[in-house]
Amino acid sequence: MAPAQAHPDSVAIDVSAEIKERCGFTAKGPASIDAPRDLEDAASLSIKVGLDCNTPYAVGVTSENGALVNLDAKDDGSGYAFSKSYRVALALETDRGIVRSERCRSGELSRDGNCDFAASRAGKGLKSGRGISVGRDAIITIDWPAQSTLPRRLAAGRYKDTLILVVGPRG
């Protein structure tokens, strides 16, 4: 006769699940900004763009024109300047602190530019380190000097450039 088997009084159930990585911008933040002053005055502007990245990531920035360009007039040989360079810095708020870039000149923000965060592909650019950013921001700071410190005055008109930001899990 076989000995009686005791019935266990506990059962182990393994539960497993997966959270897929995601990384993108949230709707928070302006799509465009107007400089609050005359372009000939020195200025510094900061813009916050919301992030939703649950995995380490990178943010890339490129400039469409490489400078603020005059929309109303082209260089006519008058001796006035028809574009204005500016500088850009990027900061990423992560759960491990803020990651900051160096400032880059707008002309370095082309797709093949010399700026460390110049990138047009998601997952390239300024890296978040081991940090993630859920409900946090990327902060873009744009500044330019007073025109009086530069060799030429600006021609009258409206000036514009477009910065393109990309974000994605680090590749």
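**Close-up 1. Surroundings of W144.** In this predicted model, W144 touches A35, L39, D41, A42, A43, L45, L68, K84, S85 and Y86, where residues up to four places away in sequence are not counted and contact means heavy atoms within 4.5 Å. The model supplies local features only where pLDDT is at least 70 and side-chain atom pairs only at pLDDT 80 or more, whereas totals for chains, interfaces and linings use all residues. Residues are numbered from 1 along each chain as its sequence is written, and side-chain values use heavy atoms, with hydrogens and water left out.

**Close-up 2. The largest nonpolar core.** W144 belongs, together with Y57, L90, L109 and F117, to the residues that touch the most other members of the largest nonpolar core, which holds 32 residues. Such a core is a set of buried Ala, Val, Leu, Ile, Met, Phe, Trp, Tyr and Cys residues joined through side-chain atoms within 4.5 Å; buried stands for under 20% relative accessible area, exposed for over 50%, and partly exposed for values in between, with a 1.4 Å probe and protein chains only. The elements that give two or more residues to this core are β2, β3, β6 and β10, and β2 gives the most, with 6 residues. Strands here are DSSP runs of E with at least two residues, numbered from the N terminus.

**Close-up 3. Strand β6 and its partners.** Because 6 of the 8 residues of strand β6 (residues 87-94) are buried, this strand is largely enclosed by the rest of the structure. Two strands count as paired if DSSP finds at least two bridges between them. With strand β10 (residues 133-144), β6 pairs in the antiparallel sense over 6 bridges, and within this pairing A89 stands opposite T141 of β10. Strand β7 (residues 97-100) also runs antiparallel to β6, to which 4 bridges join it; here A91 stands opposite R100 of β7, and a hairpin of 2 residues joins β6 to β7. Strand β8 (residues 104-105) pairs with β6 over 2 bridges, likewise in the antiparallel sense, and R105 in β8 is the bridge partner of R87.

**Close-up 4. The network around D143.** Which residues are joined with D143 into one network by salt bridges that share partners? The side chains of D143 and R87 meet in a salt bridge of 3.0 Å or less, namely 2.9 Å from N to O, a salt bridge being a side-chain nitrogen of Lys or Arg within 4 Å of a carboxyl oxygen of Asp or Glu. This pair links distant parts of the chain, with D143 in strand β10 and R87 in strand β6, 56 residues apart. R103 forms a salt bridge with D143 as well, the closest N and O atoms being 3.3 Å apart. Since R103 lies in the loop between β7 and β8 while D143 lies in strand β10, the pair ties together parts that are 40 residues apart in sequence. Salt bridges that share partners thus join R87, R103 and D143 into one network. D143 is buried, with a relative accessible area of 8%, whereas R87 is partly exposed at 34% and R103 is partly exposed at 48%. Beyond its salt-bridge partners R87 and R103, D143 touches A43, S44 and Y86, again not counting residues up to four places away in sequence.**Close-up 5. The salt bridge between D52 and R22.** A search of the whole structure finds 6 salt bridges, and in one of them the side chains of D52 and R22 meet at 3.0 Å, N to O. D52 lies in strand β2 (residues 43-53) and R22 in the segment before β1 (23-25), so that distant parts of the chain, 30 residues apart, are linked by the pair. D52 counts as partly exposed at 24% relative accessibility, and R22 is also partly exposed, with a relative accessible area of 38%.

**Close-up 6. The open sheet β9-β3-β12.** Three strands form an open sheet in the order β9-β3-β12, with antiparallel pairing. Because β9 (126-127) and β12 (163-169) stand at the edges, each with a single partner strand, one side of each is left without a neighbour in the sheet. Strand β3 (residues 57-63) is joined to β12 by 7 bridges, the two running antiparallel, and A58 stands opposite G168 in β12.
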